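Take a walk through this structure one contact at a time. Keep the sequence and the 3D view side by side as you read.

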Amino acid sequence: MFKRSLVRMSQAITPDVHHVLRYSYVSDILEKRPQFRGAHLEHATKWKESGKLKMGGAFDPAEDGALVIFKATKEEVEDFATNDPYVKGGLVTSWDVKAWNVVVQ
């Protein structure tokens, strides 16, 4: 009975597609970021206010990179990344965008 209920529930769930942006940082990110941080946070805040950026932040320790979650298209997230002062300033060594199917909120 329980198994049948789970099957029915899984068939009824429609994923809410988000996109996740992953950044890898230079090893000395903490030393290099101060000159870019204000512009980076301003950039992120504009996207947050638009409703497209949902949340984001660096891992602990920050040298492990960062994760940002968007309710936006892949192309919009790529636009965010290419125009991010951290990317333009060389603090991000690599980044990628992945679709994320959210089924529980």
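Start with a salt bridge: Lys52 pairs with Glu76, and their closest N and O atoms lie 2.5 Å apart. This contact links distant parts of the chain. Lys52 sits in the loop between helix 3 (34-50) and strand 2. Glu76 belongs to helix 4 (residues 74-82). The two residues are 24 apart along the chain. How accessible are the partners? Lys52 has 28% relative accessibility, so it counts as partly exposed. Glu76 is also given as partly exposed, at 22%. Bear in mind that the model is a predicted one.

Now step back to the whole chain. The chain holds five helices and four strands. Read from the N terminus, their order is α-β-α-α-β-β-α-α-β. The chain has 105 residues, and buried residues make up 30% of them.

Turn next to the strands. Which strands does strand 3 pair with? Strand 1 (residues 16-25) is joined to strand 3 by five bridges, and the two run antiparallel. Strand 2 and strand 3 are likewise joined by five bridges, again antiparallel. Individual partners can be picked out in the view. Val20 has Ile69 of strand 3 as its bridge partner. Gly57 is matched with Leu67 of strand 3.

Why is strand 3 described as largely enclosed by the rest of the structure? Four of its five residues are buried, and that is the reason. In general, side chains of a regular strand alternate between the two faces of the sheet.

Stay with Val20 for a moment. Val20 lies in strand 1. Is Val20 buried or exposed? Its relative accessible area is 11%; the cut-off for buried is under 20%, so Val20 is buried. Val20 also has Val77 across from it in space: the C-alpha atoms are 8.3 Å apart. In sequence, these two valines are separated by 57 residues.

Go back to the salt bridges. How many are there in the model? The count comes to five. One of them joins the side chains of Asp96 and Arg22, with a distance of 2.3 Å from N to O. This pair, too, links distant parts of the chain. Asp96 is in strand 4, Arg22 is in strand 1, and 74 residues separate them. Asp96 is partly exposed because its relative accessibility is 24%. Arg22 is partly exposed as well, with a relative accessible area of 39%.

Another salt bridge brings together the side chains of Asp28 and Lys32, at 3.6 Å from N to O. Asp28 has a relative accessible area of 27% and is partly exposed. Lys32 counts as partly exposed, at 41% relative accessibility.

Move on to the loop between strand 2 (53-58) and strand 3 (66-70). Pro61 is placed in this loop. Which kind of peptide bond joins Asp60 and Pro61, cis or trans? The bond is cis, with omega of about 10°. Most peptide bonds are trans. Pro61 is partly exposed, since its relative accessibility is 37%. Where does Leu30 lie with respect to Pro61? The two are 31 residues apart in sequence, and their C-alpha atoms are 9.7 Å apart in space.

Asp64 shares this loop between strand 2 and strand 3. Its relative accessibility is 52%, so Asp64 counts as exposed. The cut-off for exposed is over 50%. Which residues form a negative surface patch? Glu31, Asp60, Glu63 and Asp64 do. Asp60 thus has two roles to look at: it belongs to this patch, and it is joined to Pro61 by the cis bond.

End at a nonpolar patch on the surface. Ile13, Val103 and Val104 make this patch, which covers about 280 Å². Val103 is found in the segment after strand 4 (92-102). With a relative accessible area of 49%, Val103 is partly exposed.

Notes
Residues are numbered from 1 along each chain as its sequence is written. This is a predicted model: local features need pLDDT of at least 70, side-chain atom pairs count only at pLDDT 80 or more; totals for chains, interfaces and linings use all residues. Side-chain values use heavy atoms; hydrogens and water are left out. Patches are made of residues with over 30% relative accessible area and no salt bridge: like charges are joined within 9 Å, nonpolar side chains (Val, Leu, Ile, Met, Phe, Trp, Tyr) within 5 Å. Accessible areas come from the Shrake-Rupley method with a 1.4 Å probe; for residues, only the protein chains shown count as cover. A salt bridge is a side-chain nitrogen of Lys or Arg within 4 Å of a carboxyl oxygen of Asp or Glu. Lys and Arg count as positive and Asp and Glu as negative; His and the chain ends are not counted. The place of a charge is taken as NZ of Lys, CZ of Arg, CG of Asp or CD of Glu. Buried means under 20% relative accessible area, exposed over 50%, partly exposed in between (1.4 Å probe, protein chains only). Two strands pair if DSSP finds at least two bridges between them.
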